[in-house]
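Work through the exercises below with the sequence and the model open. Each task is followed by a solution in steps.

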Amino acid sequence: MASTPAGGRTARVHVVSDVHGNARDLARAGEGADALICLGDLVLFLDYADHSRGIFPDLFGTENADRLVELRTARRFEEAREFGARLWAGIGTDRRTAIEKAVRKQYAEMFAALPAPTYATYGNVDIPALWPEYARPGTTVLDGERVEIGGWTFGFVGGGLRTAMRTPYEIDDDEYAAKIEAVGEVDVLCTHIPPEVPELVYDTVARRFERGSVALLEAIRRTRPRYALFGHVHQPLVRRMRIGVTECVNVGHFAGTGRPWALEWPVNAGRG
């Protein structure tokens, strides 16, 4: 922990989300911090900025990735699913087996890059069942749980809510709300998805509203954490805003920026 000019002690964490395969920058993300916080989406299935990167183009090529992005961006999700099904049928490989093999390869690289200590939760494109195989000593995985760092209490809720995209870790609203309730009052509330506020859930490049959580928004208003940190929306209309006393911050699309968001505080400043 660093010293303040007055001789006190401060704690510092770096926060990342939506890593999507950026192992190189992830390995440096904890430099100068007491801990790294990762809010999920380690897997890169398809890079919407570079359609040649990810599991999908590795299997089916960039031209087919271009088409899938075109359909999804136009919100033609049923056509996108039919298009993907035809591609899978054409390669004669079991879809689940092929995806799991590719995800395992990415997880081996991603978890090896995480510094110690790291506190992490799942994103909506992650596969939680695989994390215990790759999380090393020094990486603490939390979902609906809390931990103390530097005298502050941090709560973690992973995953996303159900959408037409059908990503791997989407859950029902009631299940998500129960995890929010289990966390309770904290200094910093860490989630993958944002609270359901139009300015925070709208993606200006994809030109669509992503799903945020009403339960999360209600918890912020009710429990009044110092900060609510999240990712999921890569190019949000608004990156930060205040809800009551809580500073709500989209910590950024780490795959694109390679820069963590930093939070620093005096270690004797408890909740209050």
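Two strands count as paired if DSSP finds at least two bridges between them. Helices (H or I, at least four residues) and strands (E, at least two) are DSSP runs, numbered from the N terminus. The model is predicted: local features need pLDDT of at least 70, side-chain atom pairs count only at pLDDT 80 or more, and totals for chains, interfaces and linings use all residues. Residues are numbered from 1 along each chain as its sequence is written, and side-chain values use heavy atoms, with hydrogens and water left out.

**Exercise 1. Determine in which sense β10 and β13 pair, and place them in their sheet.**

Step 1. Strand β10 covers residues 188–191 and β13 covers residues 227–230; 3 bridges link them in the parallel sense.
Step 2. Leucine 189 faces alanine 228 of β13 across this pairing.
Step 3. The sheet is open, has 6 strands with mixed pairing, and follows the order β6-β7-β10-β13-β15-β14.
Step 4. β6 (145–149) and β14 (240–243) are the edge strands, each pairing on one side only.
Step 5. From one strand to the next, the twist averages 20°. Here axes are lines fitted to C-alpha atoms, for helices over the stretch in contact, and angles run from 0 to 180 degrees between N-to-C directions.

**Exercise 2. Describe how β6 meets β7 and what lies across them.**

Step 1. β6 and β7 run antiparallel and are joined by 5 bridges.
Step 2. Valine 147 has phenylalanine 154 in β7 as its bridge partner.
Step 3. The hairpin of these strands has 2 residues between them, and glycine 150 in this hairpin takes a positive phi near 55°.
Step 4. Helix α7 (residues 173–183) lies across β6, β7 (152–157) and β10, and runs at about 170° to β7.

**Exercise 3. Which backbone features stand out at histidine 20 and proline 117?**

Step 1. Most residues other than glycine have a negative phi, and most peptide bonds are trans.
Step 2. Histidine 20 is not a glycine, yet has a positive phi of about 40°; this residue sits in the loop between β2 (9–16) and α1 (23–26).
Step 3. Alanine 116 and proline 117 are joined by a cis peptide bond with omega about 0°. Proline 117 belongs to the loop between α5 and β4 (118–120).

**Exercise 4. Characterise the second largest pocket.**

Step 1. A pocket is an open set of points on a 1 Å grid over the protein atoms alone, where a 1.4 Å probe fits, with protein on both sides within 12 Å along at least five of seven lines; lining residues have an atom within 4 Å of a point.
Step 2. The volume of the second largest pocket is about 300 Å³, that is, the space filled by probe spheres set on the points, which are joined across faces, edges and corners.
Step 3. Of its 13 lining residues, Ile55, Asp58, Ala102, Lys105 and Gln106 lie nearest the centre.
Step 4. α2 (55–60) and α5 (95–113) are the elements that give two or more residues to this lining; the largest share, 6 residues, comes from α5.

**Exercise 5. Locate histidine 51 and list its contacts.**

Step 1. Histidine 51 is in the loop between β3 (35–38) and α2.
Step 2. Contact means heavy atoms within 4.5 Å. Leaving aside neighbours within four places in sequence, histidine 51 is in contact with Leu46, Pro57, Thr62, Ala65, Asp66 and Val69.
Step 3. Histidine 51 and threonine 246 are 195 residues apart in sequence and 37 Å apart in space, C-alpha to C-alpha.
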